[in-house]
Amino acid sequence: MKNEKNTNNSTAHFRKDIGLFGGISLVAGMVIGSGIYYLGTTVLERSGMSMGLALLCWIVGGIVSILGGLCFAELGASMPVAGGQTVYLSRAYHPLLGFINGFNLFCINGSGSTAALAIASVAFLDGVMHLSSLTSKLLAILLIAAFTLINLVGVKKASYLQNFTMVFRLLPIVLIIVFGFAMGDVTPDLSLRHAFDGHSGITGAISLVAFATFASLWAFEGWTNMNSVAEELRNPKKNLPLSIIISLGTITIIYTIFNLAIYKVLPMDTISAMMAKGDLYLGSEVAVRLMGNVGYSLVLAGMIVGVLGTLNGGILVFPRTYYAMAKDGYFPKSFAKLNSKGVPANAIIASSVVACILVCLRDLDALVNLVIFFQAALNMLTVIGVLICRKKYPDIERPYKVLGGIPIIMITAALFAILLINQLITDPLNSLIGLVIPVIAVPVYFFFKKRNGGQDYSADNLE
(Lines give C-alpha, C1' and ligand atoms only; values in the text may rest on other atoms or scores of the structure.)
Protein backbone atom coordinates (compact mmCIF):
# COMPACT_ATOMS: atom_id res chain seq x y z
CA MET A 1 0.00 0.00 0.00
CA LYS A 2 1.34 3.37 -0.97
CA ASN A 3 1.96 6.25 1.31
CA GLU A 4 1.88 9.41 -0.78
CA LYS A 5 1.64 13.06 0.16
CA ASN A 6 -1.26 15.19 -0.88
CA THR A 7 -0.26 16.72 -4.17
CA ASN A 8 -3.15 19.13 -4.13
CA ASN A 9 -1.94 20.99 -1.07
CA SER A 10 1.50 19.79 -0.05
CA THR A 11 2.01 22.31 2.73
CA ALA A 12 -1.14 21.32 4.61
CA HIS A 13 -1.52 18.18 6.63
CA PHE A 14 -3.72 16.63 9.27
CA ARG A 15 -2.84 17.67 12.83
CA LYS A 16 -2.76 15.11 15.59
CA ASP A 17 -4.82 17.16 18.03
CA ILE A 18 -7.11 14.41 19.41
CA GLY A 19 -5.92 12.60 22.53
CA LEU A 20 -7.37 9.56 24.31
CA PHE A 21 -10.03 11.54 26.19
CA GLY A 22 -10.89 13.35 22.97
CA GLY A 23 -11.29 9.99 21.24
CA ILE A 24 -13.55 8.68 24.00
CA SER A 25 -15.57 11.91 23.87
CA LEU A 26 -15.91 11.62 20.11
CA VAL A 27 -17.27 8.07 20.27
CA ALA A 28 -19.55 8.86 23.21
CA GLY A 29 -20.58 12.11 21.54
CA MET A 30 -21.58 10.31 18.34
CA VAL A 31 -23.49 7.65 20.28
CA ILE A 32 -25.17 9.25 23.31
CA GLY A 33 -27.89 11.63 22.18
CA SER A 34 -31.57 12.06 22.83
CA GLY A 35 -32.18 8.43 21.82
CA ILE A 36 -31.41 7.14 25.31
CA TYR A 37 -34.52 8.98 26.57
CA TYR A 38 -37.04 7.50 24.12
CA LEU A 39 -35.64 4.34 22.50
CA GLY A 40 -36.29 2.43 25.71
CA THR A 41 -39.98 2.36 24.80
CA THR A 42 -39.23 0.83 21.38
CA VAL A 43 -37.02 -1.87 22.90
CA LEU A 44 -39.64 -2.55 25.57
CA GLU A 45 -42.46 -2.80 23.04
CA ARG A 46 -40.45 -5.14 20.82
CA SER A 47 -39.69 -7.24 23.91
CA GLY A 48 -43.37 -7.89 24.47
CA MET A 49 -43.41 -5.36 27.37
CA SER A 50 -41.07 -7.59 29.35
CA MET A 51 -38.73 -5.42 31.42
CA GLY A 52 -36.35 -8.30 32.02
CA LEU A 53 -36.07 -9.14 28.33
CA ALA A 54 -35.74 -5.45 27.41
CA LEU A 55 -32.73 -5.08 29.73
CA LEU A 56 -31.24 -8.25 28.28
CA CYS A 57 -31.61 -6.83 24.78
CA TRP A 58 -29.83 -3.60 25.83
CA ILE A 59 -26.95 -5.74 27.09
CA VAL A 60 -26.91 -7.85 23.92
CA GLY A 61 -26.95 -4.68 21.80
CA GLY A 62 -23.99 -3.37 23.76
CA ILE A 63 -22.09 -6.65 23.42
CA VAL A 64 -22.68 -6.73 19.65
CA SER A 65 -21.45 -3.13 19.39
CA ILE A 66 -18.39 -3.83 21.55
CA LEU A 67 -17.50 -6.93 19.51
CA GLY A 68 -17.89 -4.92 16.32
CA GLY A 69 -15.78 -2.18 17.89
CA LEU A 70 -13.00 -4.68 18.63
CA CYS A 71 -12.89 -5.62 14.94
CA PHE A 72 -12.93 -1.99 13.80
CA ALA A 73 -10.18 -1.27 16.33
CA GLU A 74 -7.85 -3.82 14.73
CA LEU A 75 -8.44 -2.35 11.29
CA GLY A 76 -8.03 1.21 12.55
CA ALA A 77 -4.84 0.48 14.50
CA SER A 78 -3.25 -1.32 11.54
CA MET A 79 -4.45 1.29 8.99
CA PRO A 80 -4.68 4.62 10.86
CA VAL A 81 -5.72 6.70 7.86
CA ALA A 82 -8.56 9.07 7.01
CA GLY A 83 -11.56 7.38 5.45
CA GLY A 84 -12.12 4.61 7.98
CA GLN A 85 -14.70 2.08 6.86
CA THR A 86 -14.53 3.14 3.21
CA VAL A 87 -10.83 2.27 3.15
CA TYR A 88 -11.31 -1.09 4.90
CA LEU A 89 -14.09 -2.21 2.55
CA SER A 90 -12.06 -1.19 -0.50
CA ARG A 91 -8.97 -3.08 0.59
CA ALA A 92 -10.73 -6.16 1.91
CA TYR A 93 -13.24 -6.64 -0.92
CA HIS A 94 -13.40 -4.38 -3.95
CA PRO A 95 -12.98 -0.63 -4.50
CA LEU A 96 -16.61 -0.42 -5.66
CA LEU A 97 -17.89 -1.48 -2.23
CA GLY A 98 -15.76 1.14 -0.49
CA PHE A 99 -17.03 3.79 -2.90
CA ILE A 100 -20.66 2.76 -2.30
CA ASN A 101 -20.10 3.22 1.44
CA GLY A 102 -18.66 6.72 0.97
CA PHE A 103 -21.31 7.72 -1.57
CA ASN A 104 -24.03 6.49 0.77
CA LEU A 105 -22.53 8.56 3.58
CA PHE A 106 -22.40 11.70 1.45
CA CYS A 107 -25.93 11.42 0.02
CA ILE A 108 -27.91 10.04 2.94
CA ASN A 109 -26.31 8.45 5.96
CA GLY A 110 -23.78 11.12 6.90
CA SER A 111 -25.42 14.26 5.54
CA GLY A 112 -28.89 12.96 6.42
CA SER A 113 -27.78 12.29 9.99
CA THR A 114 -26.48 15.86 10.24
CA ALA A 115 -29.76 17.20 8.90
CA ALA A 116 -31.87 15.05 11.24
CA LEU A 117 -29.86 16.13 14.28
CA ALA A 118 -30.23 19.80 13.38
CA ILE A 119 -33.98 19.36 13.00
CA ALA A 120 -34.14 17.46 16.31
CA SER A 121 -32.30 20.29 18.07
CA VAL A 122 -34.83 22.84 16.86
CA ALA A 123 -37.73 20.50 17.69
CA PHE A 124 -36.95 20.88 21.40
CA LEU A 125 -37.62 24.63 21.06
CA ASP A 126 -40.79 24.07 19.08
CA GLY A 127 -42.60 22.75 22.15
CA VAL A 128 -41.92 26.03 23.93
CA MET A 129 -41.96 28.64 21.17
CA HIS A 130 -44.37 27.00 18.67
CA LEU A 131 -42.20 27.65 15.62
CA SER A 132 -43.54 27.51 12.08
CA SER A 133 -42.23 24.85 9.71
CA LEU A 134 -40.26 27.44 7.72
CA THR A 135 -38.73 28.97 10.86
CA SER A 136 -37.75 25.55 12.18
CA LYS A 137 -35.98 24.68 8.94
CA LEU A 138 -34.18 28.02 8.82
CA LEU A 139 -32.95 27.58 12.40
CA ALA A 140 -31.78 24.05 11.59
CA ILE A 141 -29.81 25.38 8.62
CA LEU A 142 -28.28 28.10 10.81
CA LEU A 143 -27.21 25.44 13.33
CA ILE A 144 -25.49 23.44 10.60
CA ALA A 145 -23.76 26.59 9.36
CA ALA A 146 -22.58 27.49 12.88
CA PHE A 147 -21.04 24.08 13.57
CA THR A 148 -19.54 24.03 10.10
CA LEU A 149 -17.69 27.26 10.89
CA ILE A 150 -16.43 25.81 14.18
CA ASN A 151 -15.04 22.77 12.37
CA LEU A 152 -13.40 24.90 9.69
CA VAL A 153 -11.34 26.60 12.43
CA GLY A 154 -9.60 23.31 13.24
CA VAL A 155 -10.04 19.88 14.77
CA LYS A 156 -8.68 20.99 18.16
CA LYS A 157 -11.53 23.43 18.82
CA ALA A 158 -14.10 20.97 17.47
CA SER A 159 -12.64 18.31 19.77
CA TYR A 160 -12.78 20.65 22.78
CA LEU A 161 -16.45 21.31 22.06
CA GLN A 162 -17.05 17.56 21.78
CA ASN A 163 -15.41 17.01 25.19
CA PHE A 164 -17.65 19.63 26.82
CA THR A 165 -20.88 18.31 25.32
CA MET A 166 -19.98 14.74 26.27
CA VAL A 167 -19.51 15.64 29.93
CA PHE A 168 -22.59 17.88 30.10
CA ARG A 169 -24.95 15.41 28.46
CA LEU A 170 -24.01 12.73 31.01
CA LEU A 171 -25.09 14.91 33.95
CA PRO A 172 -28.88 14.43 33.68
CA ILE A 173 -28.41 10.74 32.82
CA VAL A 174 -26.31 10.20 35.94
CA LEU A 175 -28.80 12.14 38.08
CA ILE A 176 -31.71 10.02 36.83
CA ILE A 177 -29.73 6.87 37.63
CA VAL A 178 -28.74 8.05 41.11
CA PHE A 179 -32.16 9.44 42.08
CA GLY A 180 -33.96 6.53 40.44
CA PHE A 181 -32.12 3.94 42.51
CA ALA A 182 -32.23 6.05 45.67
CA MET A 183 -35.88 7.16 45.52
CA GLY A 184 -37.64 4.70 43.22
CA ASP A 185 -40.12 2.56 45.13
CA VAL A 186 -41.24 0.25 42.30
CA THR A 187 -40.05 -3.36 42.26
CA PRO A 188 -39.85 -4.15 38.52
CA ASP A 189 -40.61 -7.66 37.31
CA LEU A 190 -37.35 -8.67 35.62
CA SER A 191 -38.21 -12.32 35.21
CA LEU A 192 -38.44 -13.89 31.75
CA ARG A 193 -41.36 -16.19 32.67
CA HIS A 194 -43.79 -14.77 30.12
CA ALA A 195 -41.33 -12.97 27.87
CA PHE A 196 -41.53 -15.52 25.06
CA ASP A 197 -45.26 -16.25 25.19
CA GLY A 198 -46.48 -16.57 21.62
CA HIS A 199 -42.96 -17.21 20.31
CA SER A 200 -42.54 -20.95 20.27
CA GLY A 201 -39.22 -22.72 20.07
CA ILE A 202 -35.64 -21.52 19.86
CA THR A 203 -36.23 -19.82 16.51
CA GLY A 204 -39.10 -17.76 17.89
CA ALA A 205 -37.09 -16.73 20.95
CA ILE A 206 -34.08 -15.71 18.83
CA SER A 207 -36.33 -13.73 16.49
CA LEU A 208 -37.88 -11.80 19.39
CA VAL A 209 -34.51 -10.99 20.97
CA ALA A 210 -33.03 -10.01 17.59
CA PHE A 211 -36.00 -7.74 16.76
CA ALA A 212 -35.69 -5.88 20.07
CA THR A 213 -31.89 -5.80 19.99
CA PHE A 214 -31.91 -4.20 16.53
CA ALA A 215 -33.86 -1.33 18.05
CA SER A 216 -31.26 -0.93 20.79
CA LEU A 217 -28.51 -0.78 18.16
CA TRP A 218 -29.97 2.52 16.98
CA ALA A 219 -28.93 3.97 20.34
CA PHE A 220 -25.37 2.67 19.82
CA GLU A 221 -25.12 3.95 16.24
CA GLY A 222 -22.14 6.22 15.56
CA TRP A 223 -19.21 4.28 17.04
CA THR A 224 -17.92 3.30 13.58
CA ASN A 225 -17.07 6.93 12.80
CA MET A 226 -14.11 7.04 15.19
CA ASN A 227 -11.91 5.39 12.57
CA SER A 228 -12.49 8.24 10.11
CA VAL A 229 -10.28 10.58 12.16
CA ALA A 230 -7.51 8.06 12.87
CA GLU A 231 -4.89 10.30 11.22
CA GLU A 232 -5.72 13.08 13.68
CA LEU A 233 -5.35 10.92 16.80
CA ARG A 234 -2.23 11.09 18.89
CA ASN A 235 -0.72 7.58 19.06
CA PRO A 236 -3.63 6.05 17.09
CA LYS A 237 -2.30 2.49 17.32
CA LYS A 238 -2.93 2.62 21.06
CA ASN A 239 -5.55 5.32 21.54
CA LEU A 240 -7.95 4.22 18.80
CA PRO A 241 -8.67 0.76 20.25
CA LEU A 242 -8.80 2.19 23.78
CA SER A 243 -11.23 4.94 22.72
CA ILE A 244 -13.63 2.45 21.15
CA ILE A 245 -13.46 -0.20 23.87
CA ILE A 246 -13.65 2.17 26.87
CA SER A 247 -16.47 4.25 25.43
CA LEU A 248 -18.67 1.38 24.22
CA GLY A 249 -18.17 -0.62 27.42
CA THR A 250 -19.12 2.37 29.54
CA ILE A 251 -22.09 3.27 27.32
CA THR A 252 -23.46 -0.29 27.56
CA ILE A 253 -23.39 -0.11 31.36
CA ILE A 254 -24.97 3.36 31.38
CA TYR A 255 -27.78 2.38 29.00
CA THR A 256 -28.63 -0.74 30.99
CA ILE A 257 -28.72 0.83 34.46
CA PHE A 258 -30.47 3.94 33.08
CA ASN A 259 -33.38 1.83 31.88
CA LEU A 260 -33.38 -0.14 35.13
CA ALA A 261 -33.59 3.15 37.07
CA ILE A 262 -36.65 4.08 34.98
CA TYR A 263 -38.29 0.74 35.82
CA LYS A 264 -37.72 1.46 39.54
CA VAL A 265 -39.66 4.72 39.25
CA LEU A 266 -42.38 4.07 36.65
CA PRO A 267 -44.70 1.07 37.06
CA MET A 268 -45.64 -0.88 33.96
CA ASP A 269 -49.17 0.50 33.77
CA THR A 270 -47.80 4.06 33.73
CA ILE A 271 -45.32 3.19 30.99
CA SER A 272 -48.06 1.53 28.95
CA ALA A 273 -50.33 4.56 29.35
CA MET A 274 -47.54 6.93 28.25
CA MET A 275 -46.76 4.81 25.20
CA ALA A 276 -50.45 4.66 24.27
CA LYS A 277 -50.53 8.47 24.23
CA GLY A 278 -47.36 8.64 22.15
CA ASP A 279 -45.29 9.99 25.04
CA LEU A 280 -42.04 8.08 24.60
CA TYR A 281 -39.71 10.14 26.79
CA LEU A 282 -39.71 7.99 29.91
CA GLY A 283 -36.49 9.61 31.17
CA SER A 284 -38.13 13.03 31.17
CA GLU A 285 -41.10 11.73 33.16
CA VAL A 286 -38.76 10.20 35.74
CA ALA A 287 -36.90 13.51 36.06
CA VAL A 288 -40.15 15.40 36.68
CA ARG A 289 -41.29 12.91 39.32
CA LEU A 290 -38.00 12.91 41.19
CA MET A 291 -36.71 16.45 40.70
CA GLY A 292 -39.74 18.51 39.63
CA ASN A 293 -39.51 21.22 36.97
CA VAL A 294 -35.81 21.68 37.71
CA GLY A 295 -35.23 18.05 36.80
CA TYR A 296 -37.23 18.39 33.60
CA SER A 297 -35.27 21.51 32.59
CA LEU A 298 -31.99 19.73 33.32
CA VAL A 299 -32.96 16.71 31.24
CA LEU A 300 -34.14 18.96 28.42
CA ALA A 301 -30.84 20.84 28.50
CA GLY A 302 -28.95 17.56 28.52
CA MET A 303 -30.88 16.28 25.51
CA ILE A 304 -30.30 19.51 23.56
CA VAL A 305 -26.59 19.54 24.34
CA GLY A 306 -26.39 15.84 23.53
CA VAL A 307 -27.96 16.32 20.11
CA LEU A 308 -25.77 19.36 19.40
CA GLY A 309 -22.69 17.39 20.40
CA THR A 310 -23.63 14.58 18.02
CA LEU A 311 -24.26 17.17 15.31
CA ASN A 312 -20.78 18.60 15.85
CA GLY A 313 -19.28 15.10 15.81
CA GLY A 314 -20.94 14.29 12.49
CA ILE A 315 -19.68 17.45 10.82
CA LEU A 316 -16.23 16.58 12.19
CA VAL A 317 -15.92 12.95 11.07
CA PHE A 318 -17.97 12.40 7.89
CA PRO A 319 -16.01 14.74 5.56
CA ARG A 320 -12.78 12.84 6.34
CA THR A 321 -14.18 9.97 4.25
CA TYR A 322 -14.92 12.28 1.32
CA TYR A 323 -11.39 13.69 1.62
CA ALA A 324 -9.91 10.18 1.40
CA MET A 325 -12.01 9.32 -1.67
CA ALA A 326 -11.15 12.59 -3.41
CA LYS A 327 -7.42 11.95 -2.99
CA ASP A 328 -7.88 8.85 -5.12
CA GLY A 329 -9.85 10.75 -7.75
CA TYR A 330 -13.26 9.37 -6.81
CA PHE A 331 -14.83 12.53 -5.48
CA PRO A 332 -14.37 16.15 -6.65
CA LYS A 333 -10.69 17.08 -6.46
CA SER A 334 -11.41 20.10 -4.30
CA PHE A 335 -12.49 17.76 -1.48
CA ALA A 336 -8.88 16.56 -1.19
CA LYS A 337 -7.56 19.97 -0.15
CA LEU A 338 -6.77 20.83 3.46
CA ASN A 339 -6.93 24.44 4.58
CA SER A 340 -4.30 26.18 6.69
CA LYS A 341 -5.89 24.70 9.83
CA GLY A 342 -5.37 21.17 8.54
CA VAL A 343 -9.03 20.32 7.90
CA PRO A 344 -10.74 19.27 4.62
CA ALA A 345 -12.66 22.53 4.35
CA ASN A 346 -14.29 21.95 0.95
CA ALA A 347 -15.46 18.48 1.93
CA ILE A 348 -16.93 19.86 5.16
CA ILE A 349 -18.74 22.66 3.34
CA ALA A 350 -20.11 20.34 0.63
CA SER A 351 -21.36 17.85 3.20
CA SER A 352 -23.09 20.63 5.13
CA VAL A 353 -24.70 21.97 1.94
CA VAL A 354 -26.19 18.52 1.22
CA ALA A 355 -27.40 18.38 4.84
CA CYS A 356 -29.10 21.77 4.44
CA ILE A 357 -30.82 20.53 1.25
CA LEU A 358 -32.05 17.45 3.13
CA VAL A 359 -33.38 19.70 5.91
CA CYS A 360 -35.76 21.18 3.35
CA LEU A 361 -37.17 17.77 2.41
CA ARG A 362 -40.18 16.21 4.10
CA ASP A 363 -40.13 12.95 6.04
CA LEU A 364 -36.42 13.21 6.70
CA ASP A 365 -36.49 10.67 9.52
CA ALA A 366 -38.11 8.10 7.22
CA LEU A 367 -35.50 8.89 4.56
CA VAL A 368 -32.63 8.27 6.96
CA ASN A 369 -34.23 5.09 8.34
CA LEU A 370 -34.21 3.58 4.86
CA VAL A 371 -30.42 3.16 4.91
CA ILE A 372 -30.12 1.61 8.38
CA PHE A 373 -30.34 -1.92 7.00
CA PHE A 374 -27.67 -1.38 4.34
CA GLN A 375 -25.31 0.34 6.78
CA ALA A 376 -25.66 -2.56 9.20
CA ALA A 377 -24.82 -4.92 6.32
CA LEU A 378 -21.66 -2.92 5.60
CA ASN A 379 -20.72 -3.15 9.28
CA MET A 380 -21.02 -6.93 9.09
CA LEU A 381 -18.85 -7.05 5.96
CA THR A 382 -16.26 -4.87 7.68
CA VAL A 383 -16.11 -7.32 10.59
CA ILE A 384 -15.49 -10.20 8.18
CA GLY A 385 -12.98 -7.94 6.44
CA VAL A 386 -10.67 -8.29 9.46
CA LEU A 387 -9.98 -11.91 8.47
CA ILE A 388 -9.67 -11.03 4.79
CA CYS A 389 -7.16 -8.24 5.50
CA ARG A 390 -5.10 -10.58 7.68
CA LYS A 391 -4.78 -12.90 4.70
CA LYS A 392 -4.33 -10.25 1.99
CA TYR A 393 -1.93 -8.04 3.97
CA PRO A 394 -0.03 -10.34 6.34
CA ASP A 395 2.93 -7.97 6.66
CA ILE A 396 0.99 -4.96 8.00
CA GLU A 397 1.92 -4.06 11.57
CA ARG A 398 -0.97 -4.95 13.84
CA PRO A 399 -0.32 -3.34 17.24
CA TYR A 400 -3.77 -4.47 18.32
CA LYS A 401 -5.58 -7.70 17.36
CA VAL A 402 -9.13 -8.68 18.24
CA LEU A 403 -9.29 -10.20 21.71
CA GLY A 404 -10.34 -13.83 21.42
CA GLY A 405 -9.05 -14.13 17.87
CA ILE A 406 -10.89 -15.71 14.95
CA PRO A 407 -13.74 -17.25 17.02
CA ILE A 408 -14.76 -13.80 18.33
CA ILE A 409 -14.67 -12.36 14.81
CA MET A 410 -16.86 -15.16 13.49
CA ILE A 411 -19.29 -14.86 16.41
CA THR A 412 -19.55 -11.10 15.83
CA ALA A 413 -20.24 -11.59 12.11
CA ALA A 414 -22.85 -14.25 12.93
CA LEU A 415 -24.62 -11.93 15.38
CA PHE A 416 -24.78 -9.15 12.79
CA ALA A 417 -26.08 -11.66 10.23
CA ILE A 418 -28.85 -12.87 12.57
CA LEU A 419 -29.93 -9.30 13.29
CA LEU A 420 -29.91 -8.41 9.57
CA ILE A 421 -31.87 -11.46 8.45
CA ASN A 422 -34.45 -10.91 11.17
CA GLN A 423 -34.78 -7.21 10.27
CA LEU A 424 -35.24 -8.12 6.59
CA ILE A 425 -38.03 -10.52 7.54
CA THR A 426 -39.80 -8.16 9.95
CA ASP A 427 -39.38 -4.94 7.93
CA PRO A 428 -38.74 -5.96 4.30
CA LEU A 429 -39.98 -2.76 2.64
CA ASN A 430 -37.62 -0.30 4.33
CA SER A 431 -34.78 -2.82 4.19
CA LEU A 432 -35.05 -3.24 0.41
CA ILE A 433 -35.81 0.41 -0.41
CA GLY A 434 -32.60 1.24 1.44
CA LEU A 435 -30.70 -0.34 -1.45
CA VAL A 436 -31.71 2.46 -3.86
CA ILE A 437 -28.74 4.72 -3.05
CA PRO A 438 -26.18 1.87 -3.36
CA VAL A 439 -27.65 1.03 -6.79
CA ILE A 440 -27.31 4.68 -7.89
CA ALA A 441 -23.71 4.67 -6.63
CA VAL A 442 -22.64 2.00 -9.16
CA PRO A 443 -22.86 4.16 -12.35
CA VAL A 444 -21.36 7.09 -10.45
CA TYR A 445 -18.39 4.89 -9.56
CA PHE A 446 -17.82 3.93 -13.18
CA PHE A 447 -18.09 7.60 -14.19
CA PHE A 448 -15.19 8.43 -11.88
CA LYS A 449 -13.33 5.31 -13.02
CA LYS A 450 -13.56 6.43 -16.66
CA ARG A 451 -12.44 9.93 -15.71
CA ASN A 452 -9.43 8.37 -13.95
CA GLY A 453 -8.34 6.46 -17.05
CA GLY A 454 -9.88 3.15 -15.98
CA GLN A 455 -8.01 3.03 -12.67
CA ASP A 456 -9.99 1.58 -9.74
CA TYR A 457 -10.39 3.40 -6.47
CA SER A 458 -7.44 2.07 -4.48
CA ALA A 459 -7.77 3.77 -1.08
CA ASP A 460 -3.96 4.00 -1.14
CA ASN A 461 -3.31 7.64 -1.97
CA LEU A 462 -3.33 8.77 1.66
CA GLU A 463 -0.99 10.60 4.00
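A helix here is a DSSP run of H or I that is at least four residues long, and helices are numbered from the N terminus. With that in hand, here are some views of this predicted model.

**View 1. Isoleucine 119 sits in helix α5.** Helix α5 covers residues 95-129, and isoleucine 119 is part of it. Is this side chain's residue buried, exposed or something in between? Partly exposed is the range between under 20% (buried) and over 50% (exposed), so isoleucine 119, at 32% relative accessibility, counts as partly exposed. Now look for leucine 143: the two residues are 24 apart in sequence, and their C-alpha atoms are 9.1 Å apart in space.

**View 2. The whole chain is built with helices and no strands.** Count them up and you get 17 helices and zero strands. Of the 463 residues, 58% are buried. If you take the contacts with a separation of 6 or more, 83% of them join residues 24 or more positions apart. The accessible surface comes to about 18500 Å², and carbon and sulfur atoms account for 67% of that.

**View 3. Helix α2 is mostly covered.** This helix runs over residues 35-46, and its first and last C-alpha atoms are 16 Å apart, close to the 16 Å expected. Ten of the twelve residues in α2 are buried. Among them are Ile36, Tyr37, Leu39, Val43 and Leu44, along with Arg46.

**View 4. Two positive phi values come up after α2.** Just past the end of α2, glycine 48 has a positive phi of about 70°. Then there's methionine 49, in the loop between α2 and α3 (51-78). Most residues other than glycine have a negative phi. Methionine 49, though, has a positive phi, near 60°. How covered is methionine 49? At 27% relative accessibility, methionine 49 counts as partly exposed.

**View 5. Helices α1 and α9 pack against each other.** Two packed helices are described by the angle between their axes and the distance between the axes. For α1 (residues 20-31) and α9 (residues 236-265), the angle is about 45° and the axes are 8 Å apart. That angle is neither under 35 degrees nor in the 65 to 115 range, so α1 and α9 are oblique to each other. Their crossing is right-handed. Which residues meet here? From α1 they include Leu20, Gly23, Ile24 and Val27, and from α9 they include Leu242, Ile246, Ile251 and Tyr255.

Technical notes: Residues are numbered from 1 along each chain as its sequence is written. This is a predicted model: local features need pLDDT of at least 70, side-chain atom pairs count only at pLDDT 80 or more; totals for chains, interfaces and linings use all residues. Side-chain values use heavy atoms; hydrogens and water are left out. Buried means under 20% relative accessible area, exposed over 50%, partly exposed in between (1.4 Å probe, protein chains only). Contact means heavy atoms within 4.5 Å. Accessible areas come from the Shrake-Rupley method with a 1.4 Å probe; for residues, only the protein chains shown count as cover. The expected span of a helix is 1.5 Å times one less than its number of residues. Axes are lines fitted to C-alpha atoms, for helices over the stretch in contact, and angles run from 0 to 180 degrees between N-to-C directions. Angles under 35 degrees count as roughly parallel, over 145 as roughly antiparallel, 65 to 115 as roughly perpendicular and the rest as oblique. A crossing is left-handed if the near helix is turned anticlockwise from the far one by less than a right angle, and right-handed if clockwise.
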